[in-house]
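Open the structure in your viewer and keep the selection tool at hand. The stops below go from one selection to the next.

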Amino acid sequence: MITQVVVSFEAATNVMRNKGVAQMSFVEVAGVKVDTRHYIGGQRVASELTYTNTSPIDNSFLGEISRGSKTEADLAVAAAKKAFPAWAALGAAGRGALLLKLAELVEANIEPLSQIETMDNGSLLRSHRRGVMPRVAMNIRFFAEWAMNNLHHEAFETRGHSNNISWDPSGVAVLITPWNAPLMLATWKIGPALASGDTVVLKPAEWTPLSASFFADLTKQAGIPDGVFNVVFGFGREVGADLTAHPDISRISFTGSVPTAKVIAHAAADNLTPCSFELGGKSPLLVFEDADLDLAAELAVEQYDNAGQVCLSGTRLLVHENVADAFEEKFRERASKLKQGDPRDPETDIGPQIHKVHFDRIKGFVDRARAEGQSIVMGGEPNAELDGLYFKPTLVRNPAAGSEIVTAEVFGPVLCMQSFSSDAEAIAMANGTEFGLAAVVVSGNRAHADSITKELVAGTIWVNCFFVRDLRAPFGGSKKSGVGREGGNWSFDFYADVKNTVVSPNGWKE
Ligand code: TXE
């Protein structure tokens, strides 16, 4: 199904300094209006400057988005700071009631949210409808309910003194999020931050602002008080930098690249603002001699999901040498059936890359690998049948150890395949990058799989499966893949101020 996108020019109230024409305040996606201005203190606020947002599907113009600066960063943090005491005082139950209403509104708006997100970031419409947007609602509901029902510590005593542990609201949380799963990843942070009693300033990635804007309208409809949830749009190095260096914030949660995390850590250092980082990966998918090769091939092909723009992807296929040829045959047979095209078409398996800049980055990695003489046995080029940002699913066979293509995060539909001859070699290869986000182990023997998983350095390991994620479980990366863990209590340990009140048995008058 192909949906028409109409861009309307309404409520043109502000002058765009960079173009000298009236600024539009809305875009219309599949009949739904999406505001292109910041959402600060419950109001829409336009910036004097804008930037152009296009759809990765066909490079069509989506809208001019308000381009935030220090002014808007200050406004948003001030609004969030002002709203904080009342939001904190509501308590988990009061906040929970509003957040559950918000989750219901997300559920009632799965179709427009899916259309908006697909248009903006090019991920599959069918995935948004079936999985991603229901998950957005679940993210909000889960953390609201966790704060109400599960956030407690078993009481214990120290020489008759009771220890009473509480998770107190900490202040204003700044959330900086990426473009590969915009609203899904943002709500992993928004849910626990708001449930813990913090107020929020969200800065979505510049290439994908629209779902966050529509979501802001839903927070208003849910009755979340003005200033509790704010969104500012714009570039990372501009408004993102102003937000993360702000002295009035209590937390920074960031998902994105390692270089940006380092810049944010520096910005946070002056104020010693605690940071949570979920960063990239170059995860291994290990196929052992005792593996079910059909399952292994199926799991390997899944690594092309979202056009390879998934931090958790097992992009290094490490296969035992005795089954490597048989595995490769099954893998290529399955991969050849993947249909690339318009992400709104329900038959499509792989859509476009997010943006021309990113597309060129992926192509650069592959071109350099080719120039180095690496063996590209599948794909390796843009899809000539499709105009635009569609890069073919690619396989690089036996890349030279230590080469760029097998060590750097490409973040596109590019997998490398290498062979090993022993468990020790497999483990050394798996752990041999600066990342440690995830790993996939495919083996037919439980004891064997156990002996491998305990040696792997990664935040999440999947055995004979991929992408099974329970919000009660810790999520995050080891080594350069991240700092901290989110999920269940781990999220609240970060967003809240954890407090221990020790009460003596002595001194009471009543
Ligand atoms: O990410 P950035 P980019 C990886 C992936 C990808 C690469 C580059 O390898 O190819 O990063 O993508 C904001 N202060 N991942 O350049 O720059 C920015 O506006 C504050 C992995 O898009 O890290 C956006 O909102 N904020 C990843 C967010 O940071 C700043 C997902 C992410 O942008 C800022 C995305 C600054 N100085 C990319 N500079 C994953 N782990 O899933 C930028 N930002």
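Which helix gives the largest share of the shell around the ligand? Select helix 7, which contributes five residues. The model on your screen is a predicted one.

**Stop 1: the ligand**

Keep helix 7 (236-244) coloured and add helix 8 (258-269); each of the two supplies at least two residues of the shell. Now show the 26 residues around the ligand. Those that come nearest are Gly236, Gly240, Gly256, Ser257 and Cys311. Colour the shell by class, and you should find eleven nonpolar, ten polar and five charged residues.

Next, give each domain its own colour: domain 1 is 9-279 + 483-497, and domain 2 is 284-463. Both give residues to the shell around the ligand, so the ligand shell lies between them.

**Stop 2: the seven-stranded sheet**

Select strands 17, 18, 19, 20, 21, 23 and 24. They form an open sheet with mixed pairing, in the order 19-20-21-18-17-23-24. At the edges stand strand 19 (375-378) and strand 24 (460-463). Each of these has a single partner strand, so one side of each is left without a neighbour in the sheet. From one strand to the next, the twist averages 25°.

Zoom in on strand 17 (residues 284-287) and strand 18 (residues 316-320), which run parallel and are joined by four bridges. Here Leu285 stands opposite Leu317 of strand 18. Then add helix 10 (residues 324-335), which packs on the sheet and touches strand 17, strand 18, strand 19 and strand 21 (414-420). The direction of helix 10 makes about 140° with that of strand 18.

**Stop 3: the three-stranded sheet**

Clear the selection and pick strands 10, 11 and 27, an open sheet with the order 10-11-27 and antiparallel pairing. Strand 10 (156-158) and strand 27 (497-503) are the edge strands, and each pairs on one side only. The twist in this sheet averages 35° from one strand to the next.

Between strand 11 (residues 161-168) and strand 27, look for seven bridges; the two strands run antiparallel. Label Asn163 and, opposite it in strand 27, Val502.

**Stop 4: the whole protein**

Show everything as a cartoon: the protein has 15 helices and 27 strands. Along its principal axes, the C-alpha trace spans about 75 × 70 × 40 Å. How does the radius of gyration of the protein stand against that of a compact globule? For 510 residues, such a globule would have a value near 24 Å, and the protein has 24 Å, which agrees.

Terms used:
Residues numbered from 1 in each chain as written. Predicted model: local features only at pLDDT ≥ 70, side-chain atom pairs only at ≥ 80, totals over all residues. Near = placed C-beta within 6 Å. Nonpolar A, V, L, I, M, F, W, Y, C, P; charged D, E, K, R; others polar. Domains from an automatic or database assignment. Pairing = 2+ DSSP bridges. Axes fitted to C-alpha atoms, helices over the stretch in contact; angles between N-to-C directions. Contact = placed C-beta atoms within 7 Å. Rg over C-alpha atoms; globule rule 2.2 N^0.38 Å.
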